[in-house]
Amino acid sequence: MTSPNSLHARDIAYHLHPQTNPMRHEAIGPVIMTRGEGVYVFDDAGKRYLDAMSGMWSASLGFSDKRLTAAATRQLEVLPYYQTFAHRSTEPASELAEALIRLAPVPMSKVLFQSSGSEANDTAIKLVWYFGHATGRPGKRKIISRNRAYHGTTIASASLTGLPHLHNYFNLPLDGFLHVTTPHYYRNGLPGESEEAFSTRLAAELEDLILHEGADTVAAFFAEPVMGTGGVVPPPATYFAKVQEVLRRHDVLFVADEVICGFGRTGNWWGSQTYDLKPDMITCAKALSASYMPISALLISERIYEAMKVLGNKVGVFGHGFTYGGHPVAAAVALETLRIYQEDRLIEHAASMGQLLQLGLQRYADHPLVGEVRGAGLMAGVELVRDKSTKAAFAADMKVPAEVQRFAQDEGLIVRALADTIVFAPPLITTEAEVGLIVERFGRALDKAEAWVDAEAQSAVTEPATL
Ligand SMILES: Cc1ncc(COP(=O)(O)O)c(C=O)c1O
């Protein structure tokens, strides 16, 4: 029992947690993390966890990188804050913009900074609309994304997101935000349909929607290279090639949301490289600063910049920006993060550790609770099913994925249950031995969950029938 004065009790009393069931939080309280070391975090009882989620898909360099601490401290001592409105800049903000343009997977022209992935996607939406006006097509403003996509929780980025619990009761999505089928072959492929045929069908669905709405009303398509929060869904074979062809045909802008995939997660610098995407804009955040400081970036193409520049001049100013956009301490940390990725060859390391993780988890493909093991690089998903042959999911109220997550936590492993899938995104610095620990501990959690499911089924059978 927590004492009424404990930090746990005070957290329950005062702290409203995002993406959390508030009633359940009152019942179970928080796990309070107090320190980190490499890929491990420690709670206030001293329990050590291997964080196979990098916090929120994001702490790519783990939790104790001294170079990042030093970069932040240096900048705090020299210039702790300055802003970037009205022609002002700071050394780190200007240097980071250049570094991102040099790293970009396709030629890009300019970088605009924000503090979060949601803000980067909101900014991209606003630029899509601004571009419509700048090119004399203000009616070209509808935006298409995918069911189960995750693009953030601000009003516009949540509208892009394709998850019902981010829409229901929030009066979302806003008008003009449309969603197409999740490119998840295991769940949405038809019997007998090949992966390529599935992709053809989804590209045709996208084209039908554009034609139905009128191509002159559809402005942009947003996609994560690999869907993250939707349950780690890599694109099926030929999907993006076919989708991009449709977008080009109808002059629809393509925005790649690299908030999770950017900076090594899929085994290349960008998910766009892994899947040969040619976006007009890119949003990124998370591993940009290894999450030591909040910062996000929107990269825009020359075509978009040329158009918005003229409109901005006509208006007198580009009427958008955030107080903390390009914050110098965050930018200094991001620059140091990019240097570490390069000097320590961490993208290559992530690619080889990713192969080990995928192989290790494939070991559970035959486990009775597992329907599909999937992923790319250092992001993986294990989808749980009640019946492997029919792919039937467990009843939601059984909360089997949450139990697997809890058993993993007991084993000292942090993973995340998202709908029916357990997801993994360990830091890019994870070693071979640590990948082994992730796989082992997860296996034990799965076995415990299987025993728990069997016991639940048994007790349901032996309970006296009620009329
Ligand atoms: C793909 C993707 N886009 C956008 C976001 C939103 O980022 P933030 O939580 O920093 O607003 C997330 C967050 O997880 C994400 O996974």
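A helix here is a DSSP run of H or I at least four residues long, and helices are numbered from the N terminus. With that settled, here are some notes on the model, which is predicted rather than experimental.

1. **Who surrounds the ligand.** Let's start at the ligand. Its surroundings include Ser116, Gly117, Ser118 and Asn121. Further along the chain, Tyr150, His151, Gly152 and Glu224 also belong to this shell, and Asp257, Val259, Ile260 and Lys286 complete the list. Helix H6, which spans residues 117-134, gives the largest share of the shell, with three residues. Sorted by class, the shell holds six polar residues, three charged ones and three nonpolar ones.

2. **Polar atoms facing the ligand.** Three distances are worth checking on your screen. Serine 118 places a polar side-chain atom 2.5 Å from an oxygen atom of the ligand. Glycine 117 uses its backbone instead: an N or O atom there lies 2.9 Å from a ligand oxygen. For aspartate 257, a polar side-chain atom is 2.7 Å from a nitrogen atom of the ligand. As for cover, the ligand on its own has 390 Å² of accessible area, and the protein covers 84% of that.

3. **Lysine 286, a shell residue with a positive phi.** One member of the ligand shell, Lys286, deserves a second look for its backbone. Most residues other than glycine have a negative phi. Lysine 286 has a positive one, near 35 degrees. You will find lysine 286 in the loop that runs from strand E9 (281-284) to strand E10, and E10 covers residues 296-300.

4. **Arginine 345, another positive phi.** Arginine 345 is not a glycine either, yet its phi is positive, at about 50 degrees. This residue sits in the loop between helix H13 (328-343) and helix H14 (346-362). Is arginine 345 buried or exposed? Its relative accessibility is 52%, and the cut-off for exposed is over 50%, so arginine 345 counts as exposed.

5. **A cis peptide bond.** Most peptide bonds are trans. The one joining leucine 172 and proline 173 is cis, with omega at about 0 degrees. Proline 173 belongs to the loop between helix H7 (155-160) and strand E6 (177-180).

6. **The second largest pocket.** This pocket holds about 1000 Å³ of space. How many residues line it? The lining has 33 residues, and those nearest the centre are Thr84, His87, Val111, Leu112 and Phe318. Several elements each supply at least two lining residues: helix H5 (91-103), strand E4 (110-114), strand E10 (296-300) and helix H12 (302-315). The lining divides into 16 nonpolar, 13 polar and four charged residues.

7. **The largest cavity.** Rolling a probe the size of a water molecule over the atoms shows where empty space is left. Counting cavities of 30 Å³ or more gives two. The largest has a volume of about 50 Å³. Its lining consists of Val128, Phe131, Gly132, Arg137, Lys140, Ala219, Asp251 and Leu253. H6 turns up again here, giving the largest share of this lining with three residues. By class, the lining has four nonpolar residues, three charged ones and one polar one.

8. **The second largest cavity.** The volume here is about 40 Å³. The residues around this cavity are Val180, Thr181, Leu202, Glu205, Leu206, Phe221, Tyr239 and Val243. Helix H9 (195-213) and helix H10 (239-249) each provide at least two of the lining residues, and H9 gives the most, with three. This lining is made up of six nonpolar residues, one polar and one charged.

9. **Phenylalanine 222.** Strand E7, residues 218-223, contains phenylalanine 222. Why does phenylalanine 222 count as buried? The reason is its relative accessibility of 0%, given that buried means under 20%. If you want a distance to try out, the C-alpha atoms of phenylalanine 222 and methionine 53 are separated by 24 Å, and these residues are 169 apart along the chain.

10. **Histidine 8.** Finally, have a look at helix H1 (residues 7-14), where histidine 8 is found. Its relative accessibility is 18%, so histidine 8 counts as buried under the 20% cut-off. Which side chain does it contact? The side chain of histidine 8 makes a polar contact with that of aspartate 44, at 2.6 Å.

Definitions and conventions: Residues numbered from 1 in each chain as written. Predicted model: local features only at pLDDT ≥ 70, side-chain atom pairs only at ≥ 80, totals over all residues. Heavy atoms only, no water. Near = heavy atom within 4 Å. Polar contact = N/O pair within 3.5 Å; in protein donor to acceptor, adjacent residues only side chain to side chain. Areas by Shrake-Rupley, 256 points an atom, 1.4 Å probe, with all protein chains shown as cover. Nonpolar A, V, L, I, M, F, W, Y, C, P; charged D, E, K, R; others polar. 1 Å grid on protein atoms, 1.4 Å probe; cavity = no way out; pocket = protein on both sides within 12 Å on 5 of 7 lines; lining within 4 Å. Points joined across faces, edges and corners; volume = space filled by probe spheres on them. Buried < 20%, exposed > 50% of the residue type's maximum accessible area, 1.4 Å probe, protein only.
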